[in-house]
Amino acid sequence: MINILPSSEPAIFAVEISGKLTIEQENEMLNKIEEMLKYHDKVSVLVVLGEDASWSIKAGLKDLKWILSNLTKLNKIAVVGDSKTIKWLVEADAVFAKMIGIGEKAFSSEELEQAWQWIEKKH
């Protein structure tokens, strides 16, 4: 299930994911980001992962393909969740993301407010 979170910044897409993300839900999220990109050169994404968040293979592959095709349109990515594996993956990927100008950072669920502050910060 996805829950699109309200953001005061028009170039920030924020979403909470729980359960298994389907291809339909992935399409819904990507469509909303594509709509934002009609008005903004770059967008930032804040993803809050529930303890049971997972992706179908189709959704995961579509997400990866979209990201790889749109690297220049991403400003920052904040991932909020308590999975040590996800945190490790985000921290490892952040090194590569930085090389192409994308800020990427992992936060624990207790750090949700800090994640919002970081993603909203202009630099």
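Tutor: Before we start, a polar contact here is a pair of N or O atoms within 3.5 Å, where, within protein, one must be able to donate a hydrogen and the other to accept it. Please also keep in mind that this is a predicted model.

Student: Okay, so what lies 3.3 Å from a polar atom of the side chain of Ser44?

Tutor: That is the backbone nitrogen of Lys76, which lies 3.3 Å from a polar atom of the Ser44 side chain.

Student: And where is the place of Ser44?

Tutor: Ser44 has its place in strand S4.

Student: Does Ser44 count as buried or exposed?

Tutor: Ser44 counts as buried, because its relative accessibility is 4% and the cut-off for buried is under 20%.

Student: Which residues does Ser44 touch, not counting those up to four places away in sequence?

Tutor: With those set aside, Ser44 touches Ala11, Ile12, Phe13, Asn75, Lys76 and Ile119, so Lys76 appears both in this list and in the 3.3 Å pair through its backbone nitrogen, while Ser44 is buried at 4%.

Student: Switching topic, how many residues has the largest nonpolar core?

Tutor: The largest nonpolar core has 23 residues, and those with the most contacts inside it are Phe13, Val15, Ile17, Met29, Ile33 and Leu74. At least two residues of this core come from each of strand S2 (12–17), helix H1 (23–37), strand S4 (43–49), helix H2 (57–69), strand S6 (74–80) and helix H3 (84–99).

Student: Where does the largest share of this core come from?

Tutor: Helix H1 supplies the largest share, with 5 residues. There is also a second, separate core of 12 residues, which includes Ile12, Ala14, Leu46 and Ala78.

Student: What is Val15 in contact with, leaving aside its neighbours within four places in sequence?

Tutor: Val15 is in contact with Ile2, Asn3, Ile4, Leu5, Met29, Leu46, Val47 and Val48; among them, Met29 is, like Val15, one of the residues with the most contacts inside the largest core, whereas Leu46 is included in the second core.

Student: Zooming out, what pattern does the protein chain follow along the sequence?

Tutor: Read along the sequence, the pattern is β-β-β-α-β-β-α-β-α-β-α, which comes to 4 helices and 7 strands.

Student: Why is the chain said to be as compact as a globular protein of that length?

Tutor: Its radius of gyration is 13 Å, which is close to the 14 Å that the globule rule gives for 123 residues, so the chain is as compact as a globular protein of that length. Along the principal axes, the C-alpha atoms fill a box of roughly 30 × 30 × 30 Å.

How values were computed. Residues numbered from 1 in each chain as written. Predicted model: local features only at pLDDT ≥ 70, side-chain atom pairs only at ≥ 80, totals over all residues. Heavy atoms only, no water. Core = buried A, V, L, I, M, F, W, Y, C linked by side-chain atoms within 4.5 Å. Buried < 20%, exposed > 50% of the residue type's maximum accessible area, 1.4 Å probe, protein only. Contact = heavy atoms within 4.5 Å. Rg over C-alpha atoms; globule rule 2.2 N^0.38 Å.
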